[in-house]
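Me: I have a structure open on my screen and would like to walk through its charged residues and empty spaces. Could you help me with that?

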Amino acid sequence: MKSTIIIVSHVVNDAVTHGFVPTAKAMGLHVVLITDHKLNHLKLSSDDERFNPDEILECDVFNPLELIEIITEKNLAPHAVFSNSDHLQTSTAICAQFFGLPAKDWNVTIKAKNKYLTRQVLNEKSLPNTRSVLLSRESAPVFDFDFPVVAKPKEGVASLDVQRCDSAAELDNYCDTFWQRHPTTPILVEAFLQGPLITVETIGDGDHLVALGGFDVELSAPPYFIETAASWNGVNSVHYRDECIRQLQEFGVGFGVCHSEFIITDSGPVLVEINYRSIGDGREFLLDNLSGGNWFNTILSLHLGHKLDPTFRIDGSALVHYVVAKQSGLIEGSSTSFIHQEGDIVIQQQVLKKVGETFQQSFSNKDYLARISVVSPSGQTLEPALQQAISRFNLTATNEVTA
């Protein structure tokens, strides 16, 4: 009889539909997807043979009690309960713990997801930090640190609604605009951290935490924070890795996969945020390629109770370029998705917007028209191949749409 894995998901997401679910099936598991968007997942499963869970169930996945109830009511006996969603790490961890299965510490997942709690933990543990204050619509924006500041939702994703404000007027305008759309959501205001951005990708089995590497990241010009390019194991991510891992361990990161971001200030790395799941924006598939197709199955194996293979590592070289729409409008052009291999170098272009689609700019990672990645497991130089692919890309947003 097959072992059962529960994969908990929110909206349709490539990492789940084309990464974790197919991998779980290939591992011989009975795969049950639980989501609050069942119809969308059912449609994809009928349209795309790569997404093939054995069952798709529906409940309020943000509520761990409902997760527990649907699993017990369906007489499922899970061997693992797993989610790759930012939003669902806490409910999934509580559910897995209820069934006596390997789980992340839900006290840590909630502190990682809530950026205000993240800053509090860093203060409590005397870890490098930046000054911050939480604002609500009922309170006037009062704080005692200087501009520029960064304003963001306390539980945001994909750089949505994250903005640098250089004056009190800019911050007031940001707050007014944000609260018109989200009147009950608090805003976290942080003192701006000057320096380059890196990521740290970790994986742990409960006994050992391993840093697999990280990306040196390029960002768009202020006031927004859109990731435009990334280089695997760049100079900064290699140089500061040990200190970043020390801070993450002090924070409480341990079991499972985790994607964290740090700003390298003049005094060293300062944590920006912890995303207690696999890296996204297509880079999870890049790491799967560099690891010889072992990224997704290594992560799932931990939740099945296996220890981390001490030989698991990710070497090689990789570059990613994100094509960002410069305005709202109609998507036009002829570029399509492809994968092309030249010896050891694999070039992949993933088009993320459909020609003819009306696109609304959000000044976040949601504005990507495409991602172009170049990888080499043997570590070859990749810049010429990447620039050639970029020069051929012609998708754009034109005929600006006004509200």
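Me: Which side chain meets Arg 313 in a salt bridge?

Reply: Happy to help, and please keep in mind that this is a predicted model. Arg 313 counts as exposed because its relative accessibility is 56%. Its partner has a relative accessible area of 36%, so that residue is partly exposed. The N to O distance in this salt bridge is 2.9 Å, and the partner is Asp 315.

Me: Thanks! Which residue forms a salt bridge with Asp 47?

Reply: Look within helix α2, residues 38-47, where both members of the pair lie four residues apart, about one turn of the helix. Both Asp 47 and its partner are exposed. The closest N and O atoms are 2.8 Å apart, and the partner is Lys 43.

Me: How many residues apart in sequence are the parts that Asp 86 and Arg 277 tie together?

Reply: These two residues form a salt bridge, with 2.9 Å between the closest N and O atoms. Asp 86 is buried because its relative accessibility, 13%, is under the 20% cut-off, and Arg 277 is buried as well, at 14%. Asp 86 sits in the loop between β4 and α4, while Arg 277 sits in the loop between β14 and α10, so the parts they tie together are 191 residues apart.

Me: Asp 86 caught my eye. What is the volume of the largest cavity, which it helps to line?

Reply: The lining of that cavity includes Asp 86, Gln 89, Lys 113 and Tyr 276. Helix α5 and strand β14 each supply at least two of the lining residues. The structure holds two cavities of 30 Å³ or more, and the largest has a volume of about 60 Å³.

Me: Now to Asp 216: which side chain of opposite charge is nearest to this residue?

Reply: Asp 216 lies in strand β11, residues 215-219. Its side chain reaches the backbone nitrogen of Val 235 at 3.2 Å, and a polar atom of that side chain lies 2.8 Å from the backbone nitrogen of Ser 237. Asp 216 is buried yet has no salt bridge; at 8.1 Å, the nearest side chain of opposite charge is Arg 241.

Me: Last one: what is the volume of the second largest pocket?

Reply: Several elements contribute to its lining, and among those supplying at least two residues each are α1, α10 and β20. The pocket's volume is about 660 Å³.

Note on methods: Residues numbered from 1 in each chain as written. Predicted model: local features only at pLDDT ≥ 70, side-chain atom pairs only at ≥ 80, totals over all residues. Heavy atoms only, no water. Buried < 20%, exposed > 50% of the residue type's maximum accessible area, 1.4 Å probe, protein only. Lys, Arg positive; Asp, Glu negative; His and termini not counted. Salt bridge = Lys/Arg side-chain N within 4 Å of Asp/Glu carboxyl O. Polar contact = N/O pair within 3.5 Å; in protein donor to acceptor, adjacent residues only side chain to side chain. 1 Å grid on protein atoms, 1.4 Å probe; cavity = no way out; pocket = protein on both sides within 12 Å on 5 of 7 lines; lining within 4 Å. Points joined across faces, edges and corners; volume = space filled by probe spheres on them.
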